[in-house]
Amino acid sequence: MGRDDGGGGNSSYGRKAFSRSKAHFADRITADGRDGWPVEAGRYRLVVSRACPWASRALVSRRLLGLEDALSLAVTDPLQDDRSWRFTLDPDGRDPVLGIRYLSEAYDRRGTGYPGGVSVPAIVDTADGRLVTNDYQQITLDLATEWTALHREGAPDLYPKALRDEIDAVMDDVFRDVNNGVYRAGFATGQKEYEEACTALFRRLELLAERLERQRYLVGDTITEADIRLFTTLVRFDAVYHGHFKCNRWKLTENRVLWAYVRDLYRTPGFGDTVDFDHIKRHYYQVHTGINPSGIVPLGPDLSGWTAPHHREELGGRPFGDGTPPGPVRDGERIPARGHP
């Protein structure tokens with residue numbers, strides 16, 4: 001979520017107990033518009049940081065489902081100031097569609113005094129500039145199930161009904177021990193808290209490796225929401241979590257199964273083409289001043305291995321099921337070369 005909690009902000013990380021806030025604005029954009037927000041092409045704008053794993057879920061889902069024309073994209077600067085996420089990558093420092101300098105302006109138009117600070121991903125109504133939702137857990141599920149009328153032809157089913165119970169169970173474990181676990185370890189304020197989080201993290205990674213040694217994807221024989229949620233943490237593991245968050249029992253490159261699995265996804269259209277390692281490293285190392293006060297960004301790790309053969313196709317599986325891969329990345333959304341291996 002990359003949140004600034006307003007209680008000391010990023011400088012407080014590592015100095016007070018870490019707690020993952022629930023999304024305060026949990027309205028849903030649905031096909032029937034039951035929360036007052038009907039699915040409508042061109043009405044909403046997805047605001048993300050390419051540095052944030054929670055926002056990256058939405059980036060991957062949007063690409064896989066072909067929602068680029070239906071749901072426009074705003075990308076924030078990976079570096080925050082005291083007002084949190086800002087649009088300094090855009091001309092004049094304003095989002096060209098919303099006309100705002102800070103994501104907080106869309107939050108303030110929706111309400112004031114909200115807990116949890118300003119987080120991404122966020123979806124904003126372009127008609128009035130109000131935040132609709134920052135529910136990072138629900139946004140991608142709704143993109144997969146409520147936005148189906150606007151999916152591209154050949155879009156994969158990322159949350160198939162027959163597998164939802166198993167997908168949910170896997171995602172719960174991944175969220176608790178991996179997605180959130182790296183933060184619990186990295187922002188721990190004491191040795192016991194750190195060791196508990198780090199131990200649970202690597203125990204879960206080992207269990208996931210055992211599962212993935214037998215099958216190409218986490219659930220079933222196609223890519224699902226579960227793979228997206230694991231990928232966005234694994235792709236950041238060696239670059240930031242291993243060193244910055246002290247999750248260093250071993251590197252991802254040292255685990256044969258997980259390293260091959262994440263490279264398989266990275267080479268799959270819709271995954272690696274949304275990843276910007278430059279944004280990732282600069283955000284974590286320069287924004288989290290509570291645990292990296294120098295702001296120094298490390299030169300490593302070597303990224304050349306991301307494009308090496310992974311051989312996961314030998315396990316079978318059909319990445320997109322009966323569908324097809326997404327088309328080329330749009331020019332306006334292409335990541336600069338320095339952000340890729």
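Helix α6, residues 191–214, spans 35 Å from its first C-alpha to its last in this predicted model. Its 24 residues would be expected to cover 34 Å at 1.5 Å a residue, and the span found is close to that. Many side chains of this helix are hidden: Tyr194, Ala197, Cys198, Ala200, Leu201, Phe202, Arg204, Leu205, Leu208, Ala209 and Leu212 are buried. An α-helix has 3.6 residues a turn, so residues three or four places apart point the same way. The cover over the buried residues of α6 includes α4 (164–179) and α5 (181–186), together with α7 (225–234), α8 (237–241) and α9 (256–266).

Turning to the strands, four of them make up an open sheet with mixed pairing, in the order β2-β1-β3-β4. Its edges are β2 (72–75) and β4 (130–133), each of which pairs on one side only. On average, and ignoring direction, neighbouring strands of the sheet are turned by 35° against each other. Between β3 (residues 122–125) and β4 the pairing is antiparallel, over 3 bridges, and here isoleucine 123 stands opposite threonine 133 of β4. Helix α1 (residues 53–65) lies across β1 (44–48) and β2, and runs at about 130° to β1.

The sheet also brings us to the charged side chains. Aspartate 125 forms a salt bridge with arginine 43, with 3.0 Å between the closest N and O atoms. Because aspartate 125 lies in strand β3 and arginine 43 in the segment before β1, this pair ties together parts that are 82 residues apart in sequence. Are these two partners, aspartate 125 and arginine 43, buried or exposed? Both are buried.

In total, 28 salt bridges are counted. Another of them links aspartate 142 to arginine 28, the closest N and O atoms being 2.7 Å apart. Aspartate 142 belongs to helix α3 (residues 139–145) and arginine 28 to the segment before β1, so parts 114 residues apart in sequence are tied together by the pair. The two partners differ in exposure: aspartate 142 is buried, at a relative accessible area of 5%, whereas arginine 28 is partly exposed, at 25%.

A further salt bridge joins the side chains of arginine 334 and aspartate 331, at 3.2 Å from N to O. Here arginine 334 is partly exposed, with a relative accessible area of 47%, and aspartate 331 is exposed, at 66%. Elsewhere, salt bridges with shared partners connect Arg28, Asp32, Arg34, Asp142 and Glu146 into one network.

Methods: Residues are numbered from 1 along each chain as its sequence is written. This is a predicted model: local features need pLDDT of at least 70, side-chain atom pairs count only at pLDDT 80 or more; totals for chains, interfaces and linings use all residues. Side-chain values use heavy atoms; hydrogens and water are left out. Two strands pair if DSSP finds at least two bridges between them. Helices (H or I, at least four residues) and strands (E, at least two) are DSSP runs, numbered from the N terminus. Axes are lines fitted to C-alpha atoms, for helices over the stretch in contact, and angles run from 0 to 180 degrees between N-to-C directions. Contact means heavy atoms within 4.5 Å. The expected span of a helix is 1.5 Å times one less than its number of residues. Buried means under 20% relative accessible area, exposed over 50%, partly exposed in between (1.4 Å probe, protein chains only). A salt bridge is a side-chain nitrogen of Lys or Arg within 4 Å of a carboxyl oxygen of Asp or Glu.
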